Amino acid sequence: MSQTIAVLPGDGVGPEVTRAAVRVLQHVRPDLRCVESVVGGAALERGLSPLPDEARALAESSAAILFGSVGLPQYDGKPLPERPEYALFLLRRDYELYANLRPVRVFPGLEDASSLKPELVRGLDLIVVRELTGGIYFGKPKEQRVEDGIEMAVDTMIYRAPEIERIARTAFELARGRRKRVTSVDKQNILETSRLWRRVVTKLANEYPDVQLDHLLVDNAAMQLVRRPGYFDVIVTENMFGDILSDEAAILTGSIGTLPSASLGTLGTPGRQFGLYEPIAGTAPDIAGKGIANPTAAILSAALLLRYSLDDDANALRIERAVENAYVSGARTAEIAGSTPPLGTGAFTDRVIANL
Ligand code: IPM
Ligand code: MG
């Protein structure tokens, strides 16, 4: 029986890069049924909610979600439930996609595109494991109000020990298949949630004596990421710190358009987990619709989908190698082209497919 993949392209460059990823996915797995539905600003523009029932129903009947990006400037001032980003918020929350994996790799030949010195980023290979369904993104109260005539706003950072333990476990398990180092990032000199975080992670480390654990305060971690990025293997951290640090880690590669992500939850079994796969970059409204966006992140997200939701590591690796070989053979999109003639989104994707 053919499996369904929910394709939710969203806004900005989302549709262009997602189309590229679907082409690659269908090339290696023609048996998959890729079905599209509108979300985010694209849905709001049609008078629908950010996550329409149709998209939700499609997600529920699918093995995984291939997601583009959401956000449109005209909704910036609106409350969260009326903004495109609410689609992501609901998908993460309602399917309990708590484990956000953001692998950061520098492709050979791309070292010069980084804003850091090439020798600092050569061979860089780290992964940010971001807690995705807790912390300040979801804690209540979360509101704006007026008290005694003064406008005020509150967000709540809250963590329960089991939420910390399960994300830390994800990090330790991943480290076992890598260089066996976990760096846990918190702000325990100030935050109670961080003190709990550090205690729970430290205790769990006893179950993983083969993995080396260290702790960094988030401000120091932000600095070390640009000072000696090669030090890091697996970084595990709470939701908002992970949001910030993963953008920082991503740009070490020279282009945020190369970074994929997987958001995994409690549904399914190892290798057959329900998950949402998306580029970590945003909608890039300045280049949307021009056909020049880098589709690498979306294509690599499709590879992660094969690995974690369809138990198909062989095809995941095939795609990852094809992307790497496209770079090695000089294929470049505009933002990292330098003096080489840039390829558009479609032409770059052709090069990846030619390398499969
Ligand atoms: C990300 C994005 C989202 C987040 C936005 C679009 C809500 O920045 O996935 O990193 O903050 O989680
Ligand atoms: Mg972000």
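How far from an oxygen atom of ligand 1 is an N or O atom in the side chain of Asp-243? The separation is 2.9 Å in this predicted model, and the views below start there.

The model is a prediction, in which local features need pLDDT of at least 70, side-chain atom pairs count only at pLDDT 80 or more, and totals for chains, interfaces and linings use all residues. Residues are numbered from 1 along each chain as its sequence is written, chains are lettered from A and ligands numbered from 1 in the order in which they are written, and side-chain values use heavy atoms, with hydrogens and water left out.

**View 1. Polar contacts of ligand 1.** Here we look at pairs of N or O atoms within 3.5 Å. The side chain of Asp-243 places an N or O atom 2.9 Å from a ligand oxygen. For Arg-130, a side-chain N or O atom is 2.8 Å from an oxygen atom of ligand 1. Arg-92 likewise has a polar side-chain atom 2.8 Å from an oxygen of the ligand. On its own, ligand 1 has 320 Å² of accessible area (Shrake-Rupley method, 1.4 Å probe), and the protein covers 73% of that.

**View 2. The shell around ligand 1.** With a heavy atom within 4 Å as the cut-off, the surrounding residues are Glu-85, Arg-92, Arg-102, Arg-130, Tyr-137 and Asp-243. Five of them are charged (Asp, Glu, Lys or Arg). One is nonpolar (Ala, Val, Leu, Ile, Met, Phe, Trp, Tyr, Cys or Pro), and none is polar (the others, Gly among them).

**View 3. The largest pocket.** A pocket is an open set of points on a 1 Å grid over the protein atoms alone, with protein on both sides within 12 Å along at least five of seven lines; lining residues have an atom within 4 Å of a point. The largest one holds about 910 Å³ of space (the volume filled by probe spheres set on the points). Of its 41 lining residues, Leu-80, Arg-83, Glu-85, Phe-89 and Tyr-137 are the closest to the centre. Ligand 1 sits in this pocket (more than half of its atoms lie within 2 Å of the grid points). Helix H4 (a DSSP run of H or I, at least four residues) gives the largest share of the lining, five residues.

**View 4. The largest cavity.** A cavity is a set of grid points where a 1.4 Å probe fits but cannot get out. The largest has a volume of about 40 Å³. Its lining consists of Tyr-159, Asp-186, Thr-193, Ser-194, Trp-197, Glu-238 and Phe-241. Helix H7 (residues 192-205) provides the largest share, three residues.

Technical notes
Helices (H or I, at least four residues) and strands (E, at least two) are DSSP runs, numbered from the N terminus. A polar contact is a pair of N or O atoms within 3.5 Å; within protein, one must be able to donate a hydrogen and the other to accept it, and residues adjacent in sequence count only if both atoms are side-chain atoms.
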